[in-house]
Structure formats: structure tokens, C-alpha cells
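Subject: Structure handover

Hello,

Here is the structure you are taking over. Please keep it open while you read the notes below it.

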Amino acid sequence: MATKVIVDPMTRIEGHLRIEVEVANGKVVNAWSSGTLFRGIEIIMKGRDPRDAQHITQRICGVCPLSHGVASVLCLDDAFQAKVPPNGRIIRNLIQASNWLQSHILHFYTLAALDYVKGPDTPPFVPRYGGEGDYRLPPKVNQEMVQHYLEALNARRRAHELLAVLGAKAPHPMVFVPGGATQPVTEADIAECRKYLQELIQFIDGIYVPDVKTVAEYYSDYWDIGRGCGNMLAYGGFPQADGEAGRRDLFIRPGVYINGQFGTFDPNRIVEDVKYSWYANDTSGLPPARGETVPQPRKAGAYSWIKAPRYQGHPMEVGPLARSWVNKVPEIYSLGEKAFSVLGRHYSRALECSRVAHAMLEWVGQLKPGEPVYYPAQVPSEGHGMGLTEASRGALGHWIEIKNHLVANYQAVVPTTWNASPRDDRGQLGPIEQALMGTPVKDPRNPIEPVRVVRSFDPCLACAIHLLDLRKHSRRTARFRVL
Ligand code: NFE
Ligand code: MG
């Protein structure tokens, strides 16, 4: 007989995720991933001045607002037919990449590490998993990792300060505008960015990447756990040339990998299903450019506020592993499909963090003090726009329709919408659900293994569901002690 294991809320991720699995003979035999908080940013965008989009959509999330800012402003560049000068493009890239650095460091140390590292018996390290736990690092190595957990807090602060050199503040900087960015560049800014980057590279290359390798050594069974759907998708990001709404000469190239075959990415192949999501059924299967957000909280059979995006009908994993795979990054590609695993995701994220930090040093050198940072752009009376980029957690797209100079429709399809999606109209499980299948569970009262699988994706539910109904949520129904 199967035992039901419910983790709700899933802690040390962003937002409200419920994971339910059935365990039989020590393994997961069925899985459901549910986003349990309704948001409605797409709905509140309607009827507003399109120029507000990049400020409002950044409020989708406090972890990756920059990526929403960039997706949104690319979407507006496209709809406004705006031209962006090199400084504007580079400033956007640098701000977004600074956010990646802080986000990747945050994920490994603050969110995931305590699945593998046993902290001292004092908060914030307790309470922790019950029973004997599964902590395998020798005491000295474990102690060093605890020290690195603390150093990571400082590294994240440095990454935020780096972002603020050109973005003025973190999170939610105001500097993105259609046509570029508003912050003039000085020689002093360039020198400051270099100083921060050199310090961060020391942390990433000297501590973060080696720590991931250490975890991989002691928990090597996690190369075989958490495979997922095996389909990979990247929209690509960080344009190295100007024009085409940020799609030229991308530092991270776009691509897909489906059923063992590489292919080119075509945004017209994306639709969102809602059969198992709390949205009206007649909005299912729509492409994002014509997408609708019609909440239906009591819909029978549904179990999530997350929609189910599909590419050519397939569930797709997005994120550092997907990007590294479709870009054939040697350290990841050489692993073969063993890379599709809990450790493959952590390793891809750490190496990507390093690669991006080194690239940022080059990008800083391309800034030209005194030259323009934006070209003025006008709101069209009618228009359509698409903004595609890569957020730290994966492929991110925003779509806008403008009528009478106002937003007529706005849709976002976000990395965690892809990864944490529920079943689609054909009943295919989402990528995290698939990754849970077959996961060994030693003690169903302390289900550390499925939790490690889910955390390897670095889910963000605020992004995935993108207004909290205060009337509904102000009633206290239960108390949680959040670990
Ligand atoms: Ni809220 Fe986000 C990132 C975006 S994720 S963290 O990265 O877009 O789904
Ligand atoms: Mg959406």
C-alpha cells in the first residue's frame, strides 16, 4: 500500500509550494506539485501606461526582480520599436547578471546547503530534519562549510552592492526604460564594478564551486536521483550586440533538447495548459501572446495556481542545467544525461555563476563613459511586444498587447511556471513531478530525499504564479514553524 507524504509548505524556497508524493516499497510512485497562493500581476497590468510595466512586473518577485525588469523592458523595446545604445544594453546585462550572482549564491548556501551540511545546534541551523538525518560530511569539512554559509551572506551583500553601482538600489531598481537605462556611466563606476567583481570571483571560484564538488563527492548517489523530464529549454540571454529586442548575439544561446534531440528554439511553439490549474478551461492551450488569466478557485480536478506551459506539447526543464546542456558547456555536456540529476543542477548553477562573473569583467570594460545610455522612445497607440531572457532560475518571457496607448493584455511565463507546473491537458506530469518519480524515501516521516530533489530546481512560487486575496488569507488557519 502506498503511503502519502505531504510537504506543505515546502521551506527554504521562495513562496508557497505544496509537494505531495505517494511512496510504495521505499520509492516515490506518484507526485503532485501545487502552487497554493494566487497572484494576479497580469490582471493588474491591464489598462495601465505600458511604461509602468517594468516597475510593476519587478514586484512579481524580490529574488529575481531584475530579470522581470529586463524581460519587460525588452518587451517594450519590441512594442515601441525602440533602439538601444551599447551602454544601455551593457548596463542592463550587468544589472541582471549581478542579480544572478547573488541568487545562485543564495540558493546554494542559504536555501540548499543545509540539506547536506549539519549546522551547529543553534538557530538558524535548528530546528532541522528529525530522526538521524542524512549528514555525511566529515566533521572538519562540515565545519568549513558552516563557515562558508556565513561568508556567503557577505558575498550576497557584495553582489547587491555591485548591482547598485549601475542600478542605484537592490532590489527593484528604477533604471530600466524602453530604449536603454537611465544611469550615466563614469570611470569611477567602472572601477567600482571591477573591485566588486574581483572579490566575488574569489568567493565563487575559491569557495562556492569547490563546495559543490565536495557535496557531490559525499552524496554521489544524487547523480542518479531527480532526473526529471529530460527535455531542456533555454530562451537565451545577455545580448552582446544591439537591436532585435535583445535577441542578437546572445552570451547564453537559446535552444531546445527534446527526447534526446537538439533543436532550435521557436517561441511560437509555447502554449499554457490549465486543465489541472485553477483557471477557466476555455483559456487552455493558448500561446502567451494571446494568453488569459481567468481565475477559477473552486474548479474540480485542479490542484495548482501554476499553469502548465508546454513546448510543442512537451514539459520542459529550464534553468542552469538546461542552459548548460543546450549550450554544450564542456563540464556538463561531458557528463552525458547523468547531468540530469540533483547534483547536475547544483553543479551547472555553480559553474554558470563563475562563467557569468568572469564575462561581467569583460562587459564592464566595454562601457563608454560619456556616451548615451538610452535613446528616447514613444508609446505607440497600438502594438505587440515579446521580451525573452534568462532569469537566474531559467527561461523567462513577457508578452504585451497595447491598444489606445494602454496595456490591453500582459502575460508572463516564468521559469518556475515551467519547472513546477502541474499535469497538462494530456495528463503529462510537470518537470519537478517527473523528477520526484522513483526517488527513494528512507523514512516517510522525514522525507529529505524528495525535498532535495525539489530544492535542486531552486523553485520560486512568487514568480511562478505571479495579489494576494487579503480577505481570504488574513484568517489564521494554522501556525507553522518555518525551518
Ligand atoms: Ni522569483 Fe524568478 C527567477 C523569474 S523564477 S525568482 O530566477 O523570472 O521562477
Ligand atoms: Mg503567466
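The notes below cover the conventions, the two metal sites, the surroundings of the ligand, and a few other places in the chain.

This is a predicted model, in which local features need pLDDT of at least 70 and side-chain atom pairs count only at pLDDT 80 or more, while totals for chains, interfaces and linings use all residues. Residues are numbered from 1 along each chain as its sequence is written, chains are lettered from A and ligands numbered from 1 in the order in which they are written, and side-chain values use heavy atoms, with hydrogens and water left out.

Nickel site

The nickel atom of ligand 1 has three protein donors, C61 (SG), C460 (SG) and C463 (SG), at 2.2 to 2.3 Å. Donors are N, O and S atoms within 2.8 Å of the metal (3.2 Å for Na, K and Ca); water is not among the atoms, so sites may look incomplete. Along the chain, the spacing of the nickel donors is C-x398-C-x2-C. The angles among the four donor atoms are 102 to 115°, and the site is tetrahedral. For four donors, that word requires all angles to lie between 85 and 135 degrees; four count as square planar and six as octahedral if opposite donors are over 155 degrees apart and all others between 65 and 115, and anything else is irregular. The ideal angle for four tetrahedral donors is 109.5 degrees.

C460 is buried, at 0% relative accessibility, and C463 is buried at 3%. Buried means under 20% relative accessible area, exposed over 50%, and partly exposed in between (1.4 Å probe, protein chains only).

Iron site

C64 (SG) and C463 (SG) coordinate the iron atom of ligand 1, at 2.3 to 2.7 Å. This pair links distant parts of the chain: C64 is in the loop between α2 (53-58) and α3, and C463 is in helix α13 (residues 461-465), 399 residues apart. Helices (H or I, at least four residues) and strands (E, at least two) are DSSP runs, numbered from the N terminus. With angles of 77 to 168° among its four donor atoms, the iron site is irregular. C463 bridges the iron atom and the nickel atom, which are 3.2 Å apart. C64 counts as buried because its relative accessibility is 4%.

Around the ligand

The residues around ligand 1, each with a heavy atom within 4 Å of it, include A391, R393, L396, V414 and P415. By class, this shell has eight nonpolar, three polar and one charged residues. Ala, Val, Leu, Ile, Met, Phe, Trp, Tyr, Cys and Pro count as nonpolar, Asp, Glu, Lys and Arg as charged, and the others, Gly among them, as polar.

Three side chains have a polar atom by an oxygen atom of ligand 1: H68 at 3.1 Å, S392 at 3.1 Å and T416 at 2.7 Å.

Elsewhere in the chain

Helix α3 covers residues 65-80, and 15 of its 16 residues are buried. Its end C-alpha atoms are 22 Å apart, which agrees with the 22 Å expected at 1.5 Å a residue. The expected span is 1.5 Å times one less than the number of residues. Just after α3, Q81 has a positive phi of about 50°.

E144 is in helix α5 (residues 139-167) and is partly exposed, at 40% relative accessibility. V28 belongs to strand β3 (residues 27-35) and is buried, at 3%.

Regards

Key. A polar contact is a pair of N or O atoms within 3.5 Å; within protein, one must be able to donate a hydrogen and the other to accept it, and residues adjacent in sequence count only if both atoms are side-chain atoms.
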